[in-house]
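Colleague: I should like to go through this model with you, with its sequence open beside it. May we begin with a single residue and work outwards?

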Amino acid sequence: MKQMDGVCVRDCTRCDALVASRSQIVNGVGPADADLLFVGEGPGATEDEQGAPFVGRSGSVLDEALAEAGVGRDAVRITNCVRCRPPDNRDPHADELDNCRDFLEHEIDVVDPTILVTLGKVPSEHLLDRSVAITNESGTVVDHRLGGRSRRVLLSMHPAATLYDRSQREGFFATIASAVELAGLNDAGRGDGGAASEKSGGQSRLGEF
Ligand code: SF4
């Protein structure tokens, strides 16, 4: 892919508004063969400034949840649906998500994670191609075709939800712990595929929250 260097995008100008608002393209970070891949919405102000995803307050919550699950940030890969900061922190528009989709699908293909975690409503709806009630569906595992092959996807609320509503913290931390188990990154996750039990239709619930 001409604009990609491995799993990183260089010099892309597909989205006029985002090219105007970004300081730099924010590519994914972490091992290119990670078992656990997080996909967020897009860079915010801190990410745009530092050139890495999830490095602001939300990133601190994600780091904390990973640490509590026994895993460091450097063991996982973290990327976004769009790689350039939308103006005024608005949601990315549908055409911008579409513009960036082949970059994301290429990254997913290369990384080939055991489990992909969508962080929030926007990446969940974008990758599953349907509406998602993320508060209700957070913690759900689905098998979904992405880039020509089936992927195991764990839906999660955005870590920022725990900043706005402290009562969401326990559920978010439980979802991240499940992601670590499903990826086989801790002892509890090896052998039995983690805490999620299969249901018919390829879906399972990881607790009610
Ligand atoms: S968001 Fe993606 S497609 Fe749009 S300009 Fe940035 S890198 Fe290119």
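Colleague: In which strand does Gly40 lie?
Modeller: The model is a predicted one, in which local features need pLDDT of at least 70, side-chain atom pairs count only at pLDDT 80 or more, and totals for chains, interfaces and linings use all residues. Residues are numbered from 1 along each chain as its sequence is written. Helices (H or I, at least four residues) and strands (E, at least two) are DSSP runs, numbered from the N terminus. On this basis, the strand that holds Gly40 is E3, residues 36-40.

Colleague: Is Gly40 buried or exposed?
Modeller: A residue is buried if 20 or more other C-beta atoms, placed from the backbone, lie within 10 Å of its own, exposed if 12 or fewer, and partly exposed in between. Around Gly40 there are 28 other C-beta atoms within 10 Å, and the residue is therefore buried.

Colleague: Which residues does Gly40 touch, not counting those up to four places away in sequence?
Modeller: Two residues are in contact if their C-beta atoms, placed from the backbone, lie within 7 Å. Apart from contacts, the C-alpha atoms of Gly40 and Pro159, 119 residues apart along the chain, are separated by 9.9 Å. The residues that Gly40 touches are Pro53, Phe54, Asn80, Leu119, Gly120 and Pro123.

Colleague: What is the phi of Phe54?
Modeller: Phe54, which Gly40 touches, is in the loop between H2 (45-50) and H3. Phe54 is buried because 25 other C-beta atoms lie within 10 Å. Most residues other than glycine have a negative phi. Phe54, not a glycine, has instead a positive phi near 55°.

Colleague: Which residues does Gly51 touch beyond four places in sequence?
Modeller: Gly51 is also in the loop between H2 and H3, and it is partly exposed because 14 C-beta neighbours fall inside 10 Å. Its C-alpha atom and that of Arg83, 32 residues apart along the chain, are separated by 9.6 Å. The residues touched by Gly51 are Gln24 and Val26.

Colleague: Which residue of E5 stands opposite Val39?
Modeller: Two strands pair if DSSP finds at least two bridges between them. E3 and E5 run parallel and are joined by four bridges. In that pairing, the residue of E5 opposite Val39 is Thr118.

Colleague: How many of the five residues of E5 are buried?
Modeller: In a regular strand the side chains alternate between the two faces of the sheet. In E5 (115-119), Ile115, Val117 and Leu119 point one way, whereas Leu116 and Thr118 point the other way, and all are buried. E5 is thus mostly covered, and its count of buried residues is five.

Colleague: In E7, which residue is the bridge partner of Leu119?
Modeller: E5 is joined to E7 as well, by four bridges, and these strands run parallel. The partner of Leu119 in E7 is Ser156.

Colleague: What phi does Gly147 take in the hairpin of E6 and E7?
Modeller: E6 (residues 140-146) and E7 (residues 149-156) run antiparallel and are joined by six bridges. One of the bridges pairs Leu146 with Arg149 of E7. The hairpin has two residues between the strands, and Gly147 takes a positive phi near 55°.

Colleague: Against which elements do the buried residues of H5 pack?
Modeller: H5 is mostly covered, with six of its eight residues buried. Those six are Lys121, Val122, Pro123, Ser124, His126 and Leu127; Pro123 is also among the residues that Gly40 touches. The elements they pack against are E3, H4 (94-111), E5, H6, E6 and E7.

Colleague: Is Asp129 buried or exposed?
Modeller: Asp129 is located in the loop between H5 (121-128) and H6 (134-137). Just after H5, Asp129 takes a positive phi of about 55°, although it is not a glycine. Because Asp129 has 9 C-beta neighbours inside 10 Å, it counts as exposed.

Colleague: What percentage of the protein's residues count as buried?
Modeller: The protein has eight helices and eight strands. Of its contacts with a separation of 6 or more, 67% are between residues 24 or more positions apart. Of the 209 residues, the buried share is 48%.
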